[in-house]
Structure formats: structure tokens, C-alpha cells
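Please look over the sequence and the 3D structure below. A short report on its overall build and some of its residues follows.

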Amino acid sequence: MTGHGDWHVPDDDLRAYARGTLTPPALWSADAHLAACARCRAGLAEAAGPVDVDAGWLRLDAELDAPRPGRCEGLLVRLGVPDHVARLLTATPVLRRSWLGAVAAVLAMSVAAALTTGAPDGSPTLFLALAPLLPLAGVALSYGPAMDPTYEIAVVAPLHGFRLLMIRTVAVLAVGIGLNGLATLALPAYGLRALAWLLPALALTGAGLALTPRLGPVAAPSVVGGGWVALLLAAEAAREPGGGPLAPFTAAGQGVCAGVAVVAAGVLFLVRDRFDRSRSVH
């Protein structure tokens, strides 16, 4: 048996190493040995022909030019998200500190207003009114040529427009609903009534997405958001003084919101191909 100090990388392994085809654990052994053995490095230079050297330089250039993943992208990859999906998620414009800060500020002010004013209907009306609009606005800002600075790149990406929209929608909803949920924890006195924003948020987001192929990525959420505000104003006008919560936050209103969310999801599925056609126009 040859001692460790007399061991050298076999010629076949050197040639495979030069071609980039040597696999672990032989690759690990060769890496460690070549770092300290001039003889094997000289043998590697002889084993690597011009073609192998050029291929090695190309691999090195590709590795040096490849963008380094950020912390968020690296975390997503470690959580099992595929590399290309993690890159798309972290490139979503709306998932930026400015937008997240604005959302957090709006929620903080809404919670503060709910805690200090004490709504007569026993529910945090301002918070419930604003919280559903935030995911809708986030999705609107994450897709389309008017709002997305990476839209031109997305157009030529080998990815269906509908799938890209769904990836970004899930990301925005996860962040928006997560922030809304944290804000809800600051309203423990209201109990489950503080969660009455969730179904309206899903309904508004779904309706905005379903209308996007017809109205566009800016007009559709604007119409839906305007309709939500008008509905709240009408409910407030129709409510008797000292009455219960606004209609959208009652049991019947929540059922309607759930129905709208389901119908919007079905319509969105039916019109999914139009997102690819709308991308090709731009």
C-alpha cells in the first residue's frame, strides 16, 4: 500500500478533471491534492489539451459572469424554491424596501387609528377598509409595462405570461397577507372580527386579475379598488347610527366576498391564455 505522501492523482482522473467530468469523491480528492502537489499540477497541464483548456476558460468565465444571488434569493433556494423561480421572485419590483415600508406605515397608522378612536360598531373599520387594498395594489405594481421596470426582460423570458403573473401574485399575496396578519395581532381586543379583511382581499385581488386582460394591468385594479371604496361609502351611508359593522364585514358580506373570490379564480383560469397574447403585443 502506498503511503499518503506518495499518492498522486491517476492520469485518467487528471484527464477527467481537465474535461470537467470528474465526479465526487474523486473530484474532492483531486482538488485537495492539486493544491499542494506541483507534480500533479504539471501532469494536469500535460493532460489538458487546447480544447480542454479553452473549455475550462469558458466555464470559468461563465462562473465569474454569473450574477451572485442575494440574501433573499439564497434563502428561497435553501427553502426548496427552484433557482429560476427564486430569481423571478426577487426581481419582482413591488417586493422592495420602499413598498414594504409604505405598506407597514399604512398598516401601522390604521392600527393606531383603530386603537385610539374606538369605532362605535366594535370593529376596526379603517383597518378593515384599507387592508384588502394593499394586496390588490401590490399585484398591480408587480406586473405590466407601466409599473414593472423589468417588464421588457420578462417579455423575452422563456416563461408563460400567466405563470409569471401567478408567481408574482403568490409572492405579493404572501408578503401582503403576512404584513396584514402581523397588524391584526396588534388588535387582539377585536378578536376574529379583525380578520374580516382576508376574504375581501382575496376577492379584490382575484377580480383585479380577472379583469386585467380586458382593462389592462393599471385600469383593472383601479376599477376594482374604486368599486371597493364606493361599496364601503354606500354601506356607511346605509348603516343606521350606532349600528353593527359595515355590510362587507358581516357574515353575509364575508360569504359574498368568498363567492366573488371563487368566481374570479374561475374566470382567471378561463382567460389565462390572454396574458401570453397581451405580452406578445408589447
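## Overall picture

In the protein chain, 70% of the contacts with a separation of 6 or more are between residues 24 or more positions apart. The model is predicted. Its protein chain has 15 helices and zero strands. Of the 282 residues in the chain, 36% count as buried. The accessible surface comes to about 15900 Å². Carbon and sulfur atoms hold 68% of that surface.

How confident is the predictor? The mean pLDDT of the protein chain is 75. A value of 70 or more is reached by 67% of the residues. Among the elements of the chain, helix α14 (residues 251-270) has the highest mean pLDDT, at 94. Helix α10 (residues 151-156) has the lowest, at 51. Where pLDDT is low, the predicted coordinates should not be read in detail.

## An enclosed helix

Which residues of α9 are buried? They are Leu133, Leu134, Pro135, Leu136, Gly138, Val139 and Ala140. That makes seven of the nine residues of α9, so this helix is largely enclosed by the rest of the structure.

Take Gly138, which is found in helix α9 (residues 133-141). Gly138 has a relative accessible area of 0%, so it is buried. Arg168 lies 30 residues from Gly138 along the chain. The C-alpha atoms of these two residues are separated by 9.5 Å.

## Two residues of helix α11

Thr169 sits in helix α11 (residues 161-185). It is buried, because its relative accessible area is 4%, and the cut-off for buried is under 20%. What does Thr169 contact, leaving aside its neighbours within four places in sequence? The partners are Val139, Thr205 and Leu209. Val139 is also one of the buried residues of α9.

Ala183 is in helix α11 as well. Ala183 counts as buried, at 9% relative accessibility. Neighbours within four places aside, Ala183 is in contact with Leu107, Val111 and Phe127. Val111 is 72 residues from Ala183 along the chain. The C-alpha atoms of Ala183 and Val111 are separated by 6.8 Å.

## Cysteines and a histidine

How many disulfides are there? The count comes to zero. Cys40, for one, is in no disulfide. Its nearest cysteine sulfur belongs to Cys37 and is 3.6 Å away. A disulfide needs two cysteine sulfur atoms within 2.5 Å, so that pair does not qualify. In general, a disulfide is a covalent bond between the sulfur atoms of two cysteines.

Is Cys40 buried or exposed? Cys40 counts as buried, at 3% relative accessibility. Cys257 counts as buried too, at 9%.

Cys40 also appears among the contacts of His33. Not counting residues up to four places away in sequence, His33 touches Trp7, His8, Val9 and Cys40. His33 is placed in helix α2 (residues 26-34). With a relative accessible area of 15%, His33 is buried.

## Salt bridges

The structure holds two salt bridges. The table lists them.

| Acidic residue | Basic residue | Closest N to O distance |
|---|---|---|
| Asp12 | Arg15 | 2.3 Å |
| Glu236 | Arg239 | 2.7 Å |

How are Asp12 and Arg15 placed in helix α1 (residues 11-19)? They are three residues apart, which means that about one helical turn separates them. Asp12 counts as exposed, at 53% relative accessibility. Arg15 is partly exposed, with a relative accessible area of 36%. In the other bridge, Glu236 is partly exposed, with a relative accessible area of 40%.

## A nonpolar patch

Which residues form a nonpolar patch on the surface? They are Leu211, Leu215 and Val223. Together they have about 220 Å² of accessible area. Leu211 is found in helix α12 (residues 198-215). At 31% relative accessibility, Leu211 counts as partly exposed. Residues in a patch need over 30% relative accessible area, so Leu211 passes that cut-off.

Definitions and conventions:
Residues numbered from 1 in each chain as written. Predicted model: local features only at pLDDT ≥ 70, side-chain atom pairs only at ≥ 80, totals over all residues. Heavy atoms only, no water. Buried < 20%, exposed > 50% of the residue type's maximum accessible area, 1.4 Å probe, protein only. Helix = DSSP H or I, 4+ residues; strand = E, 2+ residues; numbered from the N terminus. Contact = heavy atoms within 4.5 Å. Salt bridge = Lys/Arg side-chain N within 4 Å of Asp/Glu carboxyl O. Patch = residues over 30% accessible without salt bridge, like charges linked within 9 Å, V, L, I, M, F, W, Y side chains within 5 Å. Areas by Shrake-Rupley, 256 points an atom, 1.4 Å probe, with all protein chains shown as cover. pLDDT = per-residue confidence, 0-100.
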